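Me: I would like a close look at one part of this model. Please start there, then work outwards.

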Amino acid sequence: MSRYFVMTAIPYVNGKPHVGHALELVETDFLARYRRHRGDEVRAQTGTDDNALKNVQSAEAAGVSPQEYVEQVAQGFLSLGRALNLSFDDFIKTSSDPRHRPGVEKLWAACAERGDFYTKSYTGLYCYGCEQFYTEDELVEGLCPEHRVRPDLVEENNWFFRLSRYQDQLIELISSDRLRIEPAHRKREVLSFIESGLEDFSVSRSMERARGWGIPVPGQPDQVVYVWYDALANYITAPGYGSDEKNFAHWWTDSDERVHVIGKGIIRFHAVYWPAMLLSAGIQLPSTVFVHEYLTAGGRKISKSEGNAADPGELAERFGTDAMRWWMLRDVALTGDTDYTDERLVARNNEDLANNIGNLVNRTVSMVNKYRGGAVPALPGETALSADLRRVRAEAGARLDAEVAAFDFRKAAEVITQLGNEGNRFVEAATPWTLAKAEKKEGAVPETLDGVLAELVETCRVLGDLLVPFLPESAARILEQTGHGGDRVTAPAPIFRRLELATAED
RNA sequence: GGGCCGGUAGCUCAGCUGGUCAGAGCAGGGGACUCAUAAUCCCUGGGUCGCGGGUUCGAGCCCCGCCCGGCCUACCA
């Protein structure tokens, strides 16, 4: 048994979560459930990044205080947890969680102690409308691309972190996979970035520019901790860095794996800045950073302004939680963005779940009821007929392990559908209905049909077991109907419903 | 400008270190069966593997150039 700590990035969201956020949550939840199901000791964590300046702006736009605003955002994510049947052990809100600030202060002190902070005057072109700095080449004819105004030259004295100091160490850690970055092409990307030379980055902002929102720099209350330094720290403050050292040691320092699940847009922060911060503070590094790609919606980038930001809670309600989870795990590519459409979700649900697995369970349970009064016969030895099925069934677990270890959820899911296919083929090859007639009309011995039914029940039970991390509710129903490994099945009832697309008038 | 990832049958995609690598699923066409959620099973795929060169006995798979799409480009998620 190993100790496994998996966490999502904590999003800052100026609005409700969309399917893209749901993807990261579902993938992380899957990993957590998978390891728990294997018997590992697991902690899964998510939360919200509250201290971003953009939250202040969004709060203003919404006419509420920043604290009220981030609380609303957090509620949106918490309700998503219910809609998607997520099993997180912890949810940290960086603005209000009492564990967070002491941890950030401790981390700050540790980096300072190491001599990795220094102050530097930074001068840049600042647009007050955007509340951000622009570089020359980002400007359009010298004007802010958003507000069409000339940005002001602003000078500010900020704290900087000596990232440059850790360049060689990071290269060594990443190329040797002591800090594993997956998939492989992301590792190459990070390495080439680091090799091109790292520059120090600023880790504080003036309190004024931050509008008083954020964590004050220890000993210098006119500065706040830069949001990324603050946000990244959530991974260690939640388990207790700075507030509960025993728990922190248990889940971070002494765990076997510490896995980050993040989107491709924030690789740099997780694979470069964050490990460097930890090296500086003398803290254990994460073991793995898994990078997922993005979802698009109807072929276009998801954005609120396009009005195509599908609400995952609503989709889960419309199509079912497990249909939604299945689509995200079964149809989303490891490399390259994946387009979400209702059509794809419905097709995947109907083909894989309803027609393949669901139907196999249903016909199996029905036949056991019809031909054996619900009693499950004993599993016989292997026959020529059952050899293929048995092989696929026996290999499924190991194949699943390998695919999950590589974060290839799609191939992992395919292992399961392949077993379902094999089961359905076995039914056709064995034709149990013919065997049943032979017993009735010709007085054939019952052993042949017994064997076939036992083989099928066993296959369904394995399917149910393998599906637990993917589809917790449906898997439980499969295991229930197939009698929890006992000697009776229940009455048959469809596990998965067939879905139809909404018609035009809907 | 630089970097990375894609461009394979109508659709979604597999094809690891070059030699059954021209494939799977879906859709479409034909057939079978009836236990089952009009589900299942069998048969049916001749697509310049983005384009042009090159290396090699042999290249989707290696090299060079180009075209198209996506992403990243540092203190801006």
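Which are the buried residues of H12?

Reply: A caution comes before the list: this is a predicted model. The buried residues of H12 are Thr 321, Asp 322, Ala 323, Met 324, Arg 325, Trp 326, Trp 327, Met 328, Leu 329 and Arg 330. Helix H12 runs over residues 321-330, and 10 of its 10 residues are buried. The rest of the structure therefore largely encloses H12. The list mixes side-chain types. Trp 326 and Trp 327 are on it, and so are Asp 322, Arg 325 and Arg 330. Being buried here means having under 20% relative accessible area, counted on protein chains only.

Other buried parts come next. Strand E1, residues 3-8, is mostly covered, with six of its six residues buried. In a regular strand, side chains alternate between the two faces of the sheet. In E1, Arg 3, Phe 5 and Met 7 point one way. Tyr 4, Val 6 and Thr 8 point the other way. Both sets are buried.

E1 has strand partners too. Strands of a sheet pair through backbone hydrogen bonds, either parallel or antiparallel. E1 runs parallel to strand E2 (residues 41-48), and five bridges join the two. One pair there is Phe 5 with Arg 43 of E2. Strand E12 (residues 257-263) is also parallel to E1, again through five bridges. On that side, Tyr 4 has Glu 257 of E12 as its bridge partner.

A second sheet makes a contrast. Three strands form an open, antiparallel sheet in the order E9-E11-E10. Strand E9 (204-206) and strand E10 (216-217) stand at its edges. Each has a single partner strand, so one side of each lacks a neighbour in the sheet. Three bridges link E9 to strand E11 (residues 220-225) in the antiparallel sense. Ser 204 is bridged to Val 225 of E11.

Now the RNA. Strand B is surrounded by 48 residues, the closest being Tyr 12, Ser 202, Arg 205, Arg 363 and Phe 496. Of the atoms of RNA strand B that come within 4 Å of the protein, sugar and phosphate account for 71%. The surface near the RNA has 19 charged, 16 nonpolar and 13 polar residues.

Which elements build this surface? Those supplying at least two residues each are helix H6 (184-195), strand E8 (201-202), helix H10 (267-281), helix H13 (342-372), helix H15 (409-430) and helix H16 (432-442). H13 gives the largest share, 12 residues.

Some polar contacts to the RNA can be named. A polar side-chain atom of Asn 359 lies 2.8 Å from a sugar or linking oxygen of strand B. The side chain of Arg 410 places an N or O atom 3.0 Å from a sugar or linking oxygen. For Lys 411, a side-chain N or O atom is 3.1 Å from a phosphate oxygen.

Lys 411 leads back into the protein. Its backbone nitrogen lies 3.1 Å from a polar side-chain atom of Asp 408. Asp 408 sits in the loop between helix H14 (387-405) and H15. Its relative accessibility is 12%, so Asp 408 counts as buried. Beyond its close sequence neighbours, up to four places away, Asp 408 touches Leu 334 and Glu 403.

An annotation covers a span of the chain here. An unreviewed UniProt entry marks residues 382-482 as "domain: Methionyl-tRNA synthetase anticodon-binding". That span is 82% helix and 0% strand, and its end C-alpha atoms lie 21 Å apart.

Two partly exposed residues complete the tour. Ala 347 is found in helix H13. With a relative accessible area of 30%, Ala 347 is partly exposed. Leu 499 is 152 residues away along the chain, yet the two C-alpha atoms are separated by 8.2 Å.

Gly 115 lies in the loop between helix H4 (100-113) and strand E4 (117-127). At 29% relative accessibility, Gly 115 also counts as partly exposed. Gly 115 and Val 104 are 11 residues apart in sequence and 17 Å apart, C-alpha to C-alpha. Leaving aside neighbours within four places in sequence, Gly 115 is in contact with Arg 162 and Arg 165.

How values were computed. Residues numbered from 1 in each chain as written. Chains lettered and ligands numbered in written order. Predicted model: local features only at pLDDT ≥ 70, side-chain atom pairs only at ≥ 80, totals over all residues. Heavy atoms only, no water. UniProt positions renumbered as here; feature names shortened; annotations may be inferred. Helix = DSSP H or I, 4+ residues; strand = E, 2+ residues; numbered from the N terminus. Buried < 20%, exposed > 50% of the residue type's maximum accessible area, 1.4 Å probe, protein only. Contact = heavy atoms within 4.5 Å. Near = heavy atom within 4 Å. Polar contact = N/O pair within 3.5 Å; in protein donor to acceptor, adjacent residues only side chain to side chain. Nonpolar A, V, L, I, M, F, W, Y, C, P; charged D, E, K, R; others polar. Pairing = 2+ DSSP bridges.
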